[in-house]
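Dear colleague,

Please find below the sequence and the structure that I promised to hand over. My notes on what was found follow directly after, and I would be glad if you read them with the structure open.

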Amino acid sequence: MTALVGQSTAQLEGLLAAFGQPAYRARQVAAWIYRRRVHTFEDMTDLPAALRRDLASRFVIRTLVPEQSVTAPDEAAKYTFRLSDGNHIESVYLPYEDRVSACVSTQVGCPAGCAFCATGRLGLARNLTAGEIVEQYMALQDAYPNRRISHVVFMGMGEPLLNVDATLAAVRLLNKEVQLSARNLTISTVGIVPGILRLAEEGLPVNLALSIHAPDDSLRSQIVPMARKWRLGEILQAAARFRERTGRDATYEYVLLDGVNDAPSHATALARLLDGLRGSVNVIPYNSIEGLGDFRTPSRRRIEAFKRVLREAGCTVTERARRGEGAKAACGQLAGGSETRRPGRRRTAHRV
Ligand code: SAH
Ligand code: SF4
């Protein structure tokens, strides 16, 4: 059965027209499903009872089933959802003092295979639909009704720009139907050039985060297989196009891997690569992944030294706050619940 979350108001108009319903009914349904977040047609109290029954026989509102949540000591929480086909995905609730973010997945697994990422190890099972992406936001907001989730980062499982149609549709739904500001939406990409150009052409003023991770293509291709397909130069050019069209600077993400890409000389080379570009560098100390042998998190001293070299070269540098540790919810640790569902590992988890 078709799920209504995932349909724009215009699409709902089409669906309801088949029942002989006028356009304003679609606007009512959109308000119920996206803004009041009802779960049943019965709750849509301004629709005629007969229409509610018709809709209930033809459509479902949502499809995701929350299966488990794990809350870390820092109050970030990882949710595992079962999809209608039995696959699992994960999303993260990230409360900060001044805002709350939802980190959402765009694919079941990821085909990009970055060496340091738990999701990459899974490979790709399938793309998510726009509805499945938006539902993650809605389910997290349901779970935490007391604080408005104002920001969405597309940084969960998957590569958003390898599922660009659904990602763009989800961005539009979050913007137009859920009514989040486009400026509060961040798409993070490993550097899929056609996808970045598509984002530029759409002209949506979202934030674009580029996962760079190395100052040159030769080191980059050792840890990011996609680097063999799209070179840093092309990626930065596509980001420049995005800036022309949207007025938004990209940010550059850089996972720090001890002894691999975290030497002062790498920082100097990175500053040279980004010279003249205005976006800031967001360093992300590696979060360890069980069974992913070779990488280590750099020492605090090395992280600070890396940041200092960048700053001295004129870059704006931020460090991503480590959130969700203890819940396997930190960047790169999302593996579709494959580890949390193992028996005997439910210590801090509870069913939802
Ligand atoms: N596929 C997209 C978005 C999801 S990954 C991308 O790669 O950008 C989100 C961020 O988490 C990326 O910057 C990614 O490089 C980072 N990440 C992946 N594994 C990590 C790990 N083990 N430790 C720290 N950050 C990691
Ligand atoms: Fe995919 Fe991003 Fe993980 Fe790379 S870092 S494997 S692109 S999810």
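How many residues surround ligand 1, and which are the closest? Before the reply, please keep in mind that this is a predicted model. In this model 20 residues surround ligand 1, and Phe-116, Ser-188, Ser-211, His-213 and Asn-287 are the closest of them. Sorted by character, this shell consists of ten nonpolar, eight polar and two charged residues.

Nitrogen atoms of ligand 1 take part in several polar approaches, which I list one by one. A backbone N or O atom of Asn-287, a residue already named among the closest, is 2.9 Å from a nitrogen atom of the ligand. A polar backbone atom of Gly-158 lies 3.0 Å from a nitrogen atom of ligand 1, while for Glu-159 it is a polar side-chain atom that lies 3.1 Å from a ligand nitrogen. On its own, ligand 1 has 530 Å² of accessible area, and the protein covers 96% of this. As for the elements behind the shell, those that give two or more residues to it are β10 (185–189) and β12 (251–256).

Turning to charged pairs, the structure holds 25 salt bridges, and I describe a few of them here. Glu-42 is paired with Arg-52, with 3.7 Å between the closest N and O atoms. This pair links distant parts of the chain, since Glu-42 sits in the loop between α2 (23–35) and α3 (49–58) and Arg-52 in helix α3, ten residues apart. The two partners fall into separate classes of accessibility: Glu-42 counts as exposed because its relative accessibility is 53%, whereas Arg-52, at 14%, counts as buried.

Arg-52 also belongs to a group within its helix, for Leu-51, Arg-52 and Leu-55 are buried in α3. These residues cover an arc of only 100° around the axis, and therefore they lie on the same side of α3. Arg-53 and Ser-57, on the other side of that helix, are exposed.

A second salt bridge joins Arg-296 to Asp-258, and here the closest N and O atoms are 3.1 Å apart. It too links distant parts of the chain, with Arg-296 in the loop between β13 (281–285) and α11 (300–312), Asp-258 in the loop between β12 and α10 (264–273), and 38 residues separating them. Arg-296 has a relative accessibility of 48% and so counts as partly exposed, while Asp-258, with 18%, counts as buried.

A third salt bridge is formed by Glu-319 and Arg-300, whose closest N and O atoms are 2.8 Å apart. Because Glu-319 lies in strand β14 (residues 317–319) and Arg-300 in helix α11, the pair ties together parts that are 19 residues apart in sequence. Both ends are partly exposed, Glu-319 with a relative accessible area of 26% and Arg-300 with a relative accessibility of 44%. Elsewhere, Asp-165, Arg-172, Arg-198 and Glu-202 are joined into one network by salt bridges that share partners.

If you look at one place to begin with, I would suggest the surroundings of ligand 1, where the contacts of Gly-158, Glu-159 and Asn-287 can be followed in turn.

With best regards

How values were computed
Residues are numbered from 1 along each chain as its sequence is written. Chains are lettered from A and ligands numbered from 1 in the order in which they are written. This is a predicted model: local features need pLDDT of at least 70, side-chain atom pairs count only at pLDDT 80 or more; totals for chains, interfaces and linings use all residues. Side-chain values use heavy atoms; hydrogens and water are left out. A residue is near a molecule or strand if one of its heavy atoms lies within 4 Å of it. A polar contact is a pair of N or O atoms within 3.5 Å; within protein, one must be able to donate a hydrogen and the other to accept it, and residues adjacent in sequence count only if both atoms are side-chain atoms. Accessible areas come from the Shrake-Rupley method with a 1.4 Å probe; for residues, only the protein chains shown count as cover. Helices (H or I, at least four residues) and strands (E, at least two) are DSSP runs, numbered from the N terminus. Ala, Val, Leu, Ile, Met, Phe, Trp, Tyr, Cys and Pro count as nonpolar, Asp, Glu, Lys and Arg as charged, and the others, Gly among them, as polar. A salt bridge is a side-chain nitrogen of Lys or Arg within 4 Å of a carboxyl oxygen of Asp or Glu. Buried means under 20% relative accessible area, exposed over 50%, partly exposed in between (1.4 Å probe, protein chains only). The arc is that of the directions from the helix axis to the C-beta atoms.
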